[in-house]
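Student: I would like to go through the aromatic rings of a protein model, with a reason given for each term that is used.

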Amino acid sequence: MRPQIVLFGDSITQQSFSSGGWGAALTDTYARKADIVLRGYGGYTSRLALFLLPYLFPLGSKKPPAATTVFFGANDAALAGRTSERQHVPIEEYKDNLRRIVHHLRECSSAMLVVLITPPPVDEEGRMQYAKSVYGEKAMEQPERTNEMSGVYASQCVELARELGLPSINLWAKMQETEGWQKKFLSDGLHLTAEGNAVVYREVERVLTETWLPASELPYDFPHHSQIDWKNPEKSFQQQQCSSI
């Protein structure tokens, strides 16, 4: 069986299989070599993610994922006292929730590669413009998220990865290295454009290549058509079965 790479996160993960999405790009890269499994839940926080763990990553599974990306924080960083207050998770709890997620994944499989991804930066002006386009005069008067606060959550995610010896992707910092990142990478001040998705894809693919296996070194699940004995194809599949035992 092909190894599984699970993408676990909020709406930015859920949307990753849309046109130009980073999950779709990973699926193309690992085609016939690994299964990319989407487990993204729009609006969810690290607090809600804890309730999903026994269902998505049952302990005692005979075939646990080979790798999992954990991508929460964009909703946790919503500000208390603003329009998305219900999603707010205090920074200390956010870090502890990530720790508990990692602990569960390691219980599921000590060999699983776990990659922590920070929330992206926030374009506050873009959030305001988006709200006005949707809600008109009823739109919020202040942004429900700020780039500064998202950076605080990002730093705690990176710090935890360092403490636990895990690879991490500081998306908050990486995107801001590019001039004009606000409109280039973010469609509504928070979610990703095609260019923003490309940044995530490149970073995840880089980490998987450096810490696990590059797609180029993984075997096909079944023979390439050029390696099949077309006069006796059964033989090729019998050899494949033997090599996988």
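Student: Why does Phe-8 count as buried or exposed, whichever applies?

Tutor: In this predicted model, Phe-8 has a relative accessibility of 0%, and since buried means under 20%, Phe-8 counts as buried.

Student: How many aromatic pairs does a search of the whole structure find?

Tutor: The search finds seven aromatic pairs. One of them joins Phe-8 and Phe-72, whose ring centres are 5.0 Å apart and whose planes stand at 80°.

Student: What makes the pair of Phe-8 and Phe-72 edge-to-face?

Tutor: Rings pair if their centres lie within 6.5 Å, and planes over 60 degrees apart count as edge-to-face, so the pair with 5.0 Å between centres and 80° between planes is edge-to-face.

Student: Which parts does this pair tie together?

Tutor: Phe-8 lies in strand β1 (residues 4–9), while Phe-72 lies in the loop between β3 (67–71) and α4 (91–108), so the pair ties together parts that are 64 residues apart in sequence. Ring pairs also link Phe-8, Phe-57 and Phe-72 into a cluster.

Student: Why is the pair of Tyr-41 and Tyr-44 called tilted?

Tutor: Planes under 30 degrees apart count as stacked and those over 60 as edge-to-face, so the Tyr-41 and Tyr-44 pair, with 35° between the planes, is tilted.

Student: How do you know whether Tyr-44 is buried or partly exposed?

Tutor: Tyr-44 has a relative accessible area of 28%, and because partly exposed lies between 20% and 50%, Tyr-44 is partly exposed.

Technical notes
Residues numbered from 1 in each chain as written. Predicted model: local features only at pLDDT ≥ 70, side-chain atom pairs only at ≥ 80, totals over all residues. Heavy atoms only, no water. Phe/Tyr/Trp six-rings, centres within 6.5 Å; stacked < 30°, edge-to-face > 60°. Helix = DSSP H or I, 4+ residues; strand = E, 2+ residues; numbered from the N terminus. Buried < 20%, exposed > 50% of the residue type's maximum accessible area, 1.4 Å probe, protein only.
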